[in-house]
Each structure stands twice: as structure tokens, then as C-alpha cells.
Amino acid sequence: MSDARFEISAGFLPLLDSALLVAAREKGFAAAEGIDLTLVRETSWANIRDRLAVGHFQVAHMLAPMPIACNLGLTPLAATTVVPMALGLGGNAVTVSNALWHDMAAHGASGDLSPRAAGDALRAVVAERTRSGAAPLRLGVVHPHSGHNYELRYWLAACGIDPDGDVEIVILPPPLMADALGSRALDGFCAGEPWNTAAVLLGHGRVATVKAKIWRSSPEKVLGADARWCDANAEALSALLRAIHHAAQWCAEPANRAELAGIMAAPAYVGRPAEWMLPALSGHLVTAADSVVDVEDFFVPQAKAATFPWKSHALWFYSQMVRWGQVEHSAANAAIARETYRPDLYRTALKPLGAALPGANAKVEGALPAPTPVGSAGASLVLGPDGFFDGGLFDPDDLDGYIAAQRNLAG
Amino acid sequence: MKRSRRNPGPFAFGRPSTARRRIFALHKDSRRAKKKSMKTAALRVLVIDENRIRASIIEAGLREAGHEDVTLVHDVAGIGQRIAETNPDVIVIDLENPNRDMLENMFQLSRAVKRPIAMFVDRSDSASIEAAVDAGVSAYVVDGLKRERVKPILDMAVSRFNAFSRLARELEEARSELEDRKVIDRAKGILMKSRGISEAEAYALMRKAAMNQNRKLSEIAQSLVTAAGLLGDDA
């Protein structure tokens, strides 16, 4: 039917940050690279993993830590999975029920999305509930190996709340989060868009804080690729990365937001109203019925090297797997995490385009307090601000020290 | 003796063990199990499927194969409790279920699950894993079960899932054929009324349009019906 040189099947979940893959197909960037790109909507991350493992998919929209977990053998079934590209920065939020927000507001939460203020208020609520013998708050995340899980836990712990003792963290698929909040099965959740906006617009909750403030300039989803396929199809992979790069540029253009929201709203993709997509795309986040907060860099599809697979990102996720007891720390495991993210594949594909490429493959997370022009090959590149809301620094060259310090914190 | 086979092993409680460690435990346990008598207790099977018809088909297959201890669950609400009560050896779940991530997490962490559960019985058996994923079914198997005991259950689930998909496809085809015939009849009626032609002429007209436009007859008919509806002169 087509004269495509490459046929690629990609799995995705109905989330706004599948936008880069969707735009690559719908706006013709994949076709322009000679790729017949088939997108298959899935119902769980486990399905994405399984179908990548058996070869139904060559690549997939994946939670950023998931390929690392696969390669570390933490999942029931997995092929060796590499990350040649990230699918943007930011894009998730922490939303709490109206009842919990009411209690948090009574303890000083202000609604400006500051992680510190919201976390301090939450700690006061947790302490009060413990005193009165109330059940622990129940918070939802979409997967144990997700940025949501690690960022929520990081935020809670940095605010003096024990994620394993003071609250209960449960797993729920993203499209069910808003309803679970409404039916009081959950007190809060951390999930990607549009499910926070959905909870707010349906009147079930309020956005308390956002990933873009907990860990600035951090990746949410990545392109996971079957390593065997990448090895055998280097040309197809490079073509796909170029297509996604062009799609990311298109998604980043403010003039295209309305069209992108319309595409994502289609039944084949997220299948929800276009109005639910717009807040994340514009950064004008609807945090409550009567409140819109402008969040800088809420979701960054392209600027600031948003699709670059930083090894420091992979290693921070790994450090959190160790922190929460999912894996034992060893030099061999750290190497598996480091080698999962493949900036070399990214560079090979995008260098011929003259795209702005960072000079290094890893950076100290938290070293850039403000947007900073950095030396890059070819075009100009601005990075940051990056890092953690509590001022913590993550130096990937001192992974052992970071992990040891975390352990002392827990003790 | 039955109890000892169900020995939870060293990785059943406490911190989550990695899949690799579980696989190791599995091999160790199966070696141990080989020394035991061939006569073993019936396996307890839990089938999680929101589709009641398909679940019944699986159940019937399991019972025919002599597995009496089968529990069906259609709704994952309170699934932890059900798993704790039924203490299954094998869990069969359809891939459409959006709660697989939650369930896998539960298998790894929850105290509701008394024994560690791995996916499938043998990770190296890629052909049967692929067959299962193709069919849309997944299975989780408690550590220490012998491959020969579980494989027939998995194979049966795969073939029943495939049979169900075939049936569903045939039903869907029959249904859409019927719908097509209805819409073609309506379109014929509209043409006969608006143009004052016979049924045969109306049919011939639509056939010709379908051939000229390289579209299906039912699509031409549907366009006619839709257009007539928009213009308010639906027959």
C-alpha cells in the first residue's frame, strides 16, 4: 500500500505524553522518513512490556524507569530494552481529593503548587490523622517502576512523611485515577496528564503540586526499544528518532497546540475531550474549579534537550529503586542502569540534522538553578533550571555516596 | 506431604525479591520436587477475566482436564482478599485487563500473596509465551511448580482464548452483515421513493456507484441513508 522502507509498530498508553509518537504518525514526520508507523493503544504497562518482549512492538511509549527495571530483571518478562530517546520533560502532577485539600489548606497549603508548602501541610494532616487513629492516606501511582512513584516518594520523604509507613501507596491505571478520587477509594494520586486535569474538571480533586517543581527538567516517558531490533535495524531506528525529533518540534510550537489537542482527543489516542489536553500543553494548569496556575515548563516536548536520554536520569531512577528496596545496589546493577539509556544512538540519528546536542551524556542534576546556555555541537542549546525542590544535588559520578546518604536519611 | 510442597520458600515474605531470584528459587524447588512422589495434589487455578463468557469457557476447559479447584473472578475490586482466600497455584488473566500492573505489583509485594509468583512457568520457553501473548492471555505461576504440571493449563488457556476470539470475530461478522443488509434495504427504499424507480433499478444504481467509487455497497448505502437523514427526507 505504501512505499515505506521501514515498518515499525509502537505501543502506547492513552496519555498526553504519547503526543510525540502520535504527531510523528499523524503529521507525516514518520512517513517523510520512509516509516510506516503503526500505533497500538494498550491497556497496561505490563502489556507494553510483554508485547515488546515477544516482538509485536519494536518500540514503545514507556515510563522512564521501566526499561531499567526490565534490564535489571525486576519484571516477570522482558526483553533487553534500550532508551535511545526521551519523549519530553515534565507532564505529571500530584492531585488530592477535595476533602484532603480542605485539611491541607487548614494547615497552610496555599495552592501555588509549591512542593514544600504542600508537603508541609500534608505532613501536618498525616500527623493529625495518626493522632486521631484515622486510616493512613491512600495515594495512587500508575506503576512501581514509574517516575510518579519515585517523585511522589521523594517529595513525601523530603517533607518528613514516610512513604511506606505514614501513607499507603497503591497501583492503579491512569484513566481510573480521577474516578477513584471521586469515589473516595483514593485520597490523592500522582499521574500523567490529562488525568489530573480530568480529576479537577470533574470536580473530584485539586492539584497540589507538580513534577515540574519536584524535580525540574526531568523525564516522564521515554521511547523504549527492543535491543535486538535496534542492533539489526540501525537505519530504521535512526529514521524513527529523526521523525520523533521533528514531531517534538511541531508539538512545541504554540500555534499547533489546539490542533495537537484535537488529535490527542481522538478515540484512537486518549479518547477524551480536547479541553482536557490544553492545560498541560499551554502550562496554564487548571488546579481547581476557580484556579489556574501558570507552570513554567509543565510539559516540555522539545526545548532544553527534552528528548535527550541523559544517563544521569537513568542513574537517579536507579538510585530510587535502591532507596525503596526494589533492587540491591551493586556496581553491576548500576552499570545495567547506565547502559540502558543510549545517548550514542540519539547522537548518531540527530547529528546529520544539525540538531542542538548536549556536549556530555550525563549532568549533575540540580547544578543549574536558572536557564543556562550550554556549549553544544552545532545549534545553540539552553538547559535548566534542573534539580530537586529541596536543593538536593545528584552527581552521577558519586552514585555510591548518594545512595549511602539516602540510606542514612532513612535510618 | 502436600503442605511441604507448598513450602513458601525463602523469598515469600519481606522485601520484594527480584524476578531473577525467584527464577533461581523456581529451579531449585523444581529439582527438589522431582525427588517427590509423582502423585500430587490438584492445582488451584484462579481465572481473572471481566468477560464472563470467556471465563466460563476457560473454566469448562479446566474442569474437563480434571482441575476441580477453579475460581472465577470478574471484578478486580478486593482481589487481594480473593487471592489470600483461594491461595492459587496458577493465575490466568486476560491481557485486556487494565489492572495487570496493579496485580503484578501485588504479586511481588503484598502479604495477601503467601508465595512468590512468577510469570509463566519457564521464561526460556519463548514459543509458549509468544503463543499466550498472541492469544491475549497471561499466566502467573507460583514458585516451585513443575513445568509439566502447568504447561497443559497454559496451553488449554491459550487455545480456549483463541477459540473465543474466533467465535467473537464470527459473531461480529454475522452482526455487521445483518446491519449491512438492513442499511442497503433502507437505501434502496430511499432511492425508489425519491426517484420513482424499481427495487432492481435502485440496487443496480448503488452497485454501479460502488464500483465506480471503489467502495463497498454498504458504504454507499450508508452515505445515502445519512444524506437522506440530513436532508430530512429519510424514507
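This passage describes the fold of chain A in a predicted model, followed by selected local features of chains A and B.

Chain A contains 18 helices and 20 strands. The radius of gyration of chain A is 20 Å, close to the 22 Å expected from the globule rule for 411 residues, so chain A is as compact as a globular protein of that length. Along the principal axes, the C-alpha atoms of chain A occupy a box of roughly 65 × 45 × 45 Å. Of the 411 residues, 60% count as buried. Contacts that span long stretches of sequence are prominent in number: among contacts in chain A between residues at least 6 apart in sequence, 74% link residues at least 24 apart.

The domain assignment divides chain A into domain 1 (6–89 + 219–273 + 304–351), domain 2 (92–216) and domain 3 (360–410). The centres of domain 1 and domain 2 of chain A, taken over C-alpha atoms, are separated by 26 Å. Contact between these two domains involves 19 residues from domain 1 of chain A and 17 residues from domain 2 of chain A. On the side of domain 1 that touches domain 2, helix 4 (66–71) and helix 15 of chain A each contribute at least two residues. By residue class, that side of domain 1 comprises 13 nonpolar, 3 polar and 3 charged residues.

Helix 15 of chain A spans residues 311–323 and includes Lys311(A). Lys311(A) has 20 other C-beta atoms within 10 Å and is therefore buried, since the cut-off for a buried residue is 20 or more. Apart from its neighbours within four places in sequence, Lys311(A) makes contact with Arg338(A), Tyr341(A), Pro343(A), Asn361(A), Ala362(A) and Pro396(A). From Lys311(A) to Gly354(A) the separation is 43 residues in sequence, and their C-alpha atoms lie 22 Å apart in space.

An open sheet of chain A is formed by 5 strands in the order 8-7-9-6-10, with mixed pairing. Its edges are strand 8 (167–171) and strand 10 (205–210) of chain A, each of which pairs on one side only. On average, and with direction ignored, neighbouring strands of this sheet are turned by 25° against each other. Strand 7 (residues 137–141) and strand 8 of chain A run parallel and are joined by 5 bridges. Within this pairing, Leu139(A) has Ile169(A) of strand 8 as its bridge partner, and Gly140(A) stands opposite Val170(A) of strand 8.

The side chains of strand 8 of chain A alternate along the strand. Val167(A), Ile169(A) and Ile171(A) point to one face and are buried, whereas Glu168(A) and Val170(A) point to the other face and are not buried. Helix 6 (residues 115–132) of chain A lies across strand 7, strand 8 and strand 10 of chain A, and runs at about 120° to strand 10.

Several backbone features occur in loops. Leu113(A), located in the loop between helix 5 (98–106) and helix 6 of chain A, has a phi near 75°, a positive value in a residue other than glycine. Leu113(A) counts as buried because 24 C-beta neighbours fall inside 10 Å. In chain B, Asn214(B) likewise is not a glycine and has a positive phi, of about 55°. Asn214(B) is placed in the loop between helix 8 (199–213) and helix 9 (217–231) of chain B. With 6 C-beta neighbours inside 10 Å, Asn214(B) is classed as exposed, because a residue is exposed if 12 or fewer other C-beta atoms lie within that distance.

Cis peptide bonds are found in chain A before Pro194(A) and Pro385(A). The bond joining Glu193(A) and Pro194(A) has an omega of about 10°, and Pro194(A) lies in the loop between strand 9 (188–192) and helix 9 (195–201) of chain A. For the bond from Gly384(A) to Pro385(A), omega is near 5°. Pro385(A) is situated in the loop between strand 19 (381–383) and strand 20 (387–388) of chain A.

Technical notes:
Residues numbered from 1 in each chain as written. Chains lettered and ligands numbered in written order. Predicted model: local features only at pLDDT ≥ 70, side-chain atom pairs only at ≥ 80, totals over all residues. Helix = DSSP H or I, 4+ residues; strand = E, 2+ residues; numbered from the N terminus. Contact = placed C-beta atoms within 7 Å. Pairing = 2+ DSSP bridges. Axes fitted to C-alpha atoms, helices over the stretch in contact; angles between N-to-C directions. Rg over C-alpha atoms; globule rule 2.2 N^0.38 Å. Domains from an automatic or database assignment. Nonpolar A, V, L, I, M, F, W, Y, C, P; charged D, E, K, R; others polar.
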